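Student: Hey, got a minute to go through this structure with me? I'd like to talk side chains first, then helices.

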Amino acid sequence: MIIVVKNSCEKNQYDNLVDWIKELGLDVHVSRGETSTVLGLVGDTSRVDIDLINSLDIVEQVQRVQEPYKNANRKFNPLDTIVNIGGHKVGGNIFQVIAGPCSVESEEQIITVAKAVKKSGATMLRGGAFKPRTSPYAFQGLKNQGIELLLKAKKETGLPIVTELLNINDIDLFEDVDVIQIGARNMQNFELLKEVGKIGKPILLKRGLANTLQELLMSAEYIMAEGNNKVILCERGIRTFETMTRNTLDLSAIPALKEKTHLPIIVDPSHSTGVSKFVPSMSLASVGAGADGLIIEVHNNPKKAWCDGAQSLDLEQFDKLMIKIKKMLSIVDKVYDGE
């Protein structure tokens with residue numbers, strides 16, 4: 001349930017209303033706008049008398065929310081959420097690009113890529129330290145050492161780092177990581193979602209291979225219900241009958257999510273296509289569809305990459321793509337704060 005309160009109301013009237021709601025055992029989430037304040041009621045609202053609240057002079061509107069997700073719901077928070085990551089903001093009209101290799105392979109590799117993508121304009125560095133792989137025989141990542149190398153790259157370049165957490169038991173290793181990624185395979189690992197919800201770090205939540213948008217928002221709700229509102233959603237393609245691409249990039253998810261949630265939405269064109277030559281066009285299409293950012297796989301030598309080289313851009317390809325992205329942003333009323 002949401003209650004829209006007039007900004008012209010007196011403070012004591014507002015406080016009395018909020019106190020009464022809390023006495024009913026409900027949590028109240030407040031979103032303040034220029035002309036009104038939205039109170040989002042979380043909990044069992046069946047005991048709330050809508051007619052009584054509507055009769056109050058300070059109340060402009062009362063509406064029951066049918067969707068099961070509350071914190072992530074745009075009705076609760078009409079204004080776009082902007083997540084600050086090391087001075088770089090994601091959301092609203094601000095666009096960001098996260099770039100780097102699928103997996104961290106060596107100190108030379110990650111620092112070379114980090115310097116190059118920063119020079120091209122990327123504002124954050126991605127790199128897998130722990131890698132979930134379909135085959136148990138495939139490279140699983142450098143694990144602890146991978147995080148150490150990412151931190152060295154951060155020290156060299158100043159770029160905030162984004163890397164995936166697979167296991168609750170490893171969460172202490174991510175203390176200095178700027179953005180914790182929850183991958184597609186863990187989108188409904190609810191115990192893991194609860195744990196990252198208890199920390200104050202930004203969370204990049206990827207959509208599962210076969211999950212609906214509502215299920216994605218419900219996973220975000222698990223994180224936000226624990227008190228962490230710094231959630232960034234990521235569309236990374238879904239599994240369909242099509243075999244010419246690794247997955248099918250659901251571009252319609254961007255405007256659909258924008259309608260339902262206030263959370264930022266970025267796109268992963270690398271995993272969604274699995275083919276590097278498709279990444280530039282899908283990146284630009286994502287910009288046109290209203291995405292708040294991109295996460296792109298970039299490698300200094302894709303042919304020799306230990307993981308997902310086929311979907312990775314080389315350094316020159318990424319540089320050319322960034323030029324096009326920056327030109328296109330003005331068309332969709334977005335700004336880029338990269339160097």
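Tutor: Sure. One term first: a polar contact is a pair of N or O atoms within 3.5 Å, and within protein one must be able to donate a hydrogen and the other to accept it. Also keep in mind that this is a predicted model.

Student: OK, so which side chain does Q181 make a polar contact with?

Tutor: The side chain of E164, with a polar contact of 3.4 Å.

Student: And where is Q181 found? Is Q181 buried or exposed?

Tutor: Q181 belongs to strand β10, residues 179-182. Its relative accessible area is 6%, so Q181 is buried.

Student: What else is Q181 in contact with, leaving aside neighbours within four places in sequence?

Tutor: Besides E164, the list has V162, T163, L165, L204, K206 and I295.

Student: Switching topic: how many aromatic pairs are there?

Tutor: The count is 3. One of them is F95 with Y336, a tilted pair at 6.4 Å centre to centre with 50 degrees between the planes.

Student: What does that pair tie together?

Tutor: F95 sits in strand β7 and Y336 in strand β15, so the pair links parts 241 residues apart in sequence. F95 is buried at 0% relative accessible area, and Y336 is buried at 17%.

Student: Now helices. How do α3 and α10 cross?

Tutor: Their axes come within 9 Å and cross at roughly 25 degrees. Angles under 35 degrees count as roughly parallel, so that's what α3 is to α10. The crossing is right-handed.

Student: Which residues make the contact?

Tutor: On α3, V113, A116, V117 and S120; on α10, L315, F318, D319, M322 and K326.

Note on methods: Residues are numbered from 1 along each chain as its sequence is written. This is a predicted model: local features need pLDDT of at least 70, side-chain atom pairs count only at pLDDT 80 or more; totals for chains, interfaces and linings use all residues. Side-chain values use heavy atoms; hydrogens and water are left out. Rings of Phe, Tyr and Trp (its six-membered ring) pair if their centres lie within 6.5 Å; planes under 30 degrees apart count as stacked, over 60 as edge-to-face and the rest as tilted. Helices (H or I, at least four residues) and strands (E, at least two) are DSSP runs, numbered from the N terminus. Buried means under 20% relative accessible area, exposed over 50%, partly exposed in between (1.4 Å probe, protein chains only). Contact means heavy atoms within 4.5 Å. Axes are lines fitted to C-alpha atoms, for helices over the stretch in contact, and angles run from 0 to 180 degrees between N-to-C directions. Angles under 35 degrees count as roughly parallel, over 145 as roughly antiparallel, 65 to 115 as roughly perpendicular and the rest as oblique. A crossing is left-handed if the near helix is turned anticlockwise from the far one by less than a right angle, and right-handed if clockwise.
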